[in-house]
There are 2 protein chains.
Amino acid sequence: MFESAELGHKIDKKAFNEEVPRLRAALLETQLELLQKAAFPVIILISGLDGAGKGETINILHEWMDPRFIMTCAFAAPSGDEREYPFMWRFWHALPPRGRVGIFSGSWYSEPIARQVADDQPDEALSQHMDQINRFEAMLVNEGALILKFWFHLPKDGQRKRLKALEKDPRTAWRVTKESWARTKTYDKLQQTAGHVLRVTNTPWAPWIVVEGTDDRYRSLTVGKIILDAMRKRFAETLDQNFPVAPPITLKTTDSLDVLTALDLTKKLEKDDYKTQLAKWQGRLSELARHPAFARHALILAFEGMDAAGKGGAIRRITAALDARQYQIVPIAAPTEEERVQPYLWRFWRHVPHVGRITIFDRTWYGRVLVERVEEFCSNADWLRAYAEINDFENELYDDGVIVIKFWLQISAQEQLRRFKEREKVEFKRFKITEEDWRNREKSKDYHTAVCDMVDRTSTGKSPWILIEAEDKNYARIRVLSAVCERLETILNAPEARKRQR
Amino acid sequence: MFESAELGHKIDKKAFNEEVPRLRAALLETQLELLQKAAFPVIILISGLDGAGKGETINILHEWMDPRFIMTCAFAAPSGDEREYPFMWRFWHALPPRGRVGIFSGSWYSEPIARQVADDQPDEALSQHMDQINRFEAMLVNEGALILKFWFHLPKDGQRKRLKALEKDPRTAWRVTKESWARTKTYDKLQQTAGHVLRVTNTPWAPWIVVEGTDDRYRSLTVGKIILDAMRKRFAETLDQNFPVAPPITLKTTDSLDVLTALDLTKKLEKDDYKTQLAKWQGRLSELARHPAFARHALILAFEGMDAAGKGGAIRRITAALDARQYQIVPIAAPTEEERVQPYLWRFWRHVPHVGRITIFDRTWYGRVLVERVEEFCSNADWLRAYAEINDFENELYDDGVIVIKFWLQISAQEQLRRFKEREKVEFKRFKITEEDWRNREKSKDYHTAVCDMVDRTSTGKSPWILIEAEDKNYARIRVLSAVCERLETILNAPEARKRQR
């Protein structure tokens, strides 16, 4: 992986001074085109050995481009607060929006590599983590991002020489810390680990670029040119997404049986029975939310269902059992301006709860494979890849201790109509039925198929779909409450410790 | 302050059950009107004694209103990360946008009261802090917020009785902690402190409402009715801002001398001299940014100036001396959707740096008293009150260790015209001159007056305006750099420790 970066690359001063002005002008022009078109986000990871010029390169990029539109984030080990969220949380929040350049000094690779060098994780953990990173980066690229991953390399004796030289110069001496020297001692182990990590994450959509760090001029010029070139190529690409995508293949059963029609919508609960059960399950939920093990987890409740299926009512029966300071309800409406220039999962990332807390989503990221699919708000390619992306997202949450419980509330077309009419009559002011609600009804077959596909493709062991017969409100509410309790009991009483750090 | 809340208020079950359904319906209706109109934010502070029903009341409010549009935040002592920002930072970020209800369990009052009870701050510190809070709340109210501050009171023996009763019931026992009992020991001291704090912050725009907490039904009903009443009254108020505001009085000097015309725009720096000085000051700045005392401060550089005054160029000469991982440049454009439903300072609060870091604003909160005043984007009342609000904001930053250095870059009308024409010719693509730039020129007299007023009213000892003769770019850049260095040196080398906690 590092062979080409040990050859002693060098650029002399004259050649450098000739090239730089042209490169700067071109970089600036391309950056401003990026900004004006809000074309795509550019994510640049700067990593590599101590003394290989990471800081210097970042500074040069700020000098060569317009620093007002560069977001640079330095990631050291996560702080106390950051450890209360999933591993990726702080990176999610630092992603540049479309039109901007984000430079990451330290990244999602730093901790896994450091841990591996310190030898405190099994190989499978690393390998699984790299797999997740590959899929995460693929998602970003599919969402439009340009990802450039730089690794600055130095030969073994070269590193010691560079560090000594930096230490001698009073302008750069501060860059060399005790830790820099300490890390030179693990040079071989780091090379081996980094080599492995770089190879397995050297994907076509987000390849690694290994640059020799010995000569400042060579390193800066190389990085600058690669960034310029990559941005230009990205602009040149026809941006239409008409690459061949297999037409969506849906399971067409030859009978009328599917996961939704299989539900028995006649299920009912009488009022007295409902009251007894409500008290029982709310009491249990209230205790579970204060279970000692819950303080090491977090909970996401995800509600989906056709209009008027009773999501709001079910949610209120849950929150009645909780302390209001422990949960947050997020009703999902159209994305805001700031959300539209980010990957579609970004607006859900914002609300991922930290440990000990609960977020309830009233409609969710499944909008991608439901309304966006049916209404053709996104391409086939987009919603087809969303199943895997969503599974990855939920898996990661699970591995980081966030329990995801997701519900589909099903009612019949007749019952929906009855509820619409009732709302129009009785509570016309509060729950106005919009034109859209009526229109959605016409597409009910498409939605039906979309829901069946969704359940088949995203119901996983870690995060199964729970389908609720919601024709009778009482029955549905108890089913939801009891399902939440049972899932929590299983996980919170499990003997295995909660995984947090990878 | 607490007399009326020791009378043993009670509501019997029958009266309660009769009143509640009406109250709920009315609350819900009003809340939805609030939401649909995105009318104003409702900020509810819930504070008071242990056992007085804070948690229970918050839960009831969630039950009675639509919890999806309530944002409830519980504030305990600030975490490690939160302590790296100014005191108000975590509250700024929790404010509800227009149309929503925000409930604060614990607030900006909690820490000052707790400290005073623990006796570890001088009375003047508390008094100054309360003064700041009053002005902060006034600003929120002027920005449209409805603030309701509840204090739940219990008589001394009443508190012990309530805590015992809560402990007996297995459903509420968890609410009583060791700390609750510990705090009963300081009942008198707390009463005395809270009484004082409530009195001095009992302003007409954000009054305290003291509610007796002994009887759950009385407390819930009282709080619910007050909230309903306050929201309704707020809707009923004519929302036009035509209350009598003194017409803006501006210092009209009888000669042509003012802070801007007094500047000597012929000041120049020759190229060689510039190069020497640039190297010198950049070297010093680079060292200052790594000064040990800087790790306990943060730095905001605020740049204002007419179009083409050279803000961008000056900023780049500063950043060239810094490590790119230490600073962030925030170019101020039109506010986004999420920013428009918040107070005008909110979009700057977002970018306040944490300790050891630097934020550079390319245009700032002074837009309120410059462009918004001149272009009449806000009312006279709005920009007139902004001077004091901005002074408060900057004072608070200073007290919390954030150094604010602000620059006005001044050029003559002729020089501006020359630069516009040059840009149009030479770099037409990169820096397109917009219609707006030309239009702004026509209002130059109004801008001139606005700048003079701004300097007079917001140049404080803690955060003085630095006016830069910017006709010659070299001269301006060195002036800016040297001013930053000198200000930093004065503060960082001062013997007094940085104040952080109040």
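1. A helix crossing is called left-handed if the near helix is turned anticlockwise from the far one by less than a right angle, and right-handed if clockwise. With that in mind, please read what follows as notes on a predicted model. In chain B, α2(B) and α9(B) cross in the right-handed sense. The residues that make this contact are E56(B), T57(B), I60(B) and W64(B) on the α2(B) side, with D216(B), R219(B), S220(B), V223(B) and G224(B) on the α9(B) side. Sorted by class, they come to three nonpolar, three polar and three charged residues.

2. The geometry of that pair is worth checking on screen. Helix α2 of chain B spans residues 54-64 and helix α9 of chain B spans residues 216-236; their axes come within 10 Å and cross at roughly 55°. Angles from 65 to 115 degrees would count as roughly perpendicular and those under 35 as roughly parallel, so α2(B) is oblique to α9(B).

3. Helix α2(B) turns up again where the chains meet. Between the two chains, 30 residues of chain B are in contact with 30 residues of chain A. On the chain B side, the elements giving two or more residues are α1 (13-37), α2, β2 (70-74), α11 (311-319), β7 (327-331) and α12 (337-340). Of these, α2(B) gives the most, with five residues. The side of chain B that touches chain A has nine nonpolar, nine polar and twelve charged residues.

4. How are the two copies related? A rotation of 180°, with 0.0 Å of shift along its axis, superposes chain B on chain A with an RMSD of 0.0 Å. This is the relation of a two-fold axis. The copies meet through the same surface, because 100% of the interface residues of chain B are interface residues in chain A as well.

5. Strand β2, named above among the elements facing chain A, also belongs to an open sheet. In chain B this sheet has five strands, ordered β2-β3-β1-β4-β5, and the pairing is parallel. At its edges lie β2 and β5 (208-212) of chain B, each pairing on one side only. From one strand to the next, the twist averages 20°.

6. Within the sheet, take a look at β1 (residues 42-48) and β4 (residues 146-153) of chain B: these strands run parallel and are joined by seven bridges. Which residue of β4(B) stands opposite L45(B)? The partner is K149(B).

7. Helix α11(B), another contributor to the chain B side of the interface, packs against α19 (residues 473-492) of chain B. The two axes come within 9 Å and cross at roughly 50°, and the helices are therefore oblique to each other. The crossing of α11(B) and α19(B) is right-handed. From α11(B), G313(B), A314(B), R317(B) and I318(B) meet K473(B), A476(B), R477(B), V480(B), L481(B) and V484(B) of α19(B). This contact divides into six nonpolar, one polar and three charged residues.

8. Finally, a pair in chain A. Helix α5 (residues 123-142) and helix α15 (residues 380-399) of chain A have axes 10 Å apart and pack at an angle of about 135°; α5(A) and α15(A) are therefore oblique to each other. Here the crossing is left-handed. Residues Q132(A), R135(A), F136(A), M139(A) and N142(A) of α5(A) meet R385(A), E389(A), D392(A) and E396(A) of α15(A). By class, this contact has two nonpolar, two polar and five charged residues.

Notes. Residues are numbered from 1 along each chain as its sequence is written. Chains are lettered from A and ligands numbered from 1 in the order in which they are written. This is a predicted model: local features need pLDDT of at least 70, side-chain atom pairs count only at pLDDT 80 or more; totals for chains, interfaces and linings use all residues. Axes are lines fitted to C-alpha atoms, for helices over the stretch in contact, and angles run from 0 to 180 degrees between N-to-C directions. Helices (H or I, at least four residues) and strands (E, at least two) are DSSP runs, numbered from the N terminus. Angles under 35 degrees count as roughly parallel, over 145 as roughly antiparallel, 65 to 115 as roughly perpendicular and the rest as oblique. Two residues are in contact if their C-beta atoms, placed from the backbone, lie within 7 Å. Ala, Val, Leu, Ile, Met, Phe, Trp, Tyr, Cys and Pro count as nonpolar, Asp, Glu, Lys and Arg as charged, and the others, Gly among them, as polar. Copies are superposed by least squares on the C-alpha atoms of residues with pLDDT of at least 70 in both. Two strands pair if DSSP finds at least two bridges between them.
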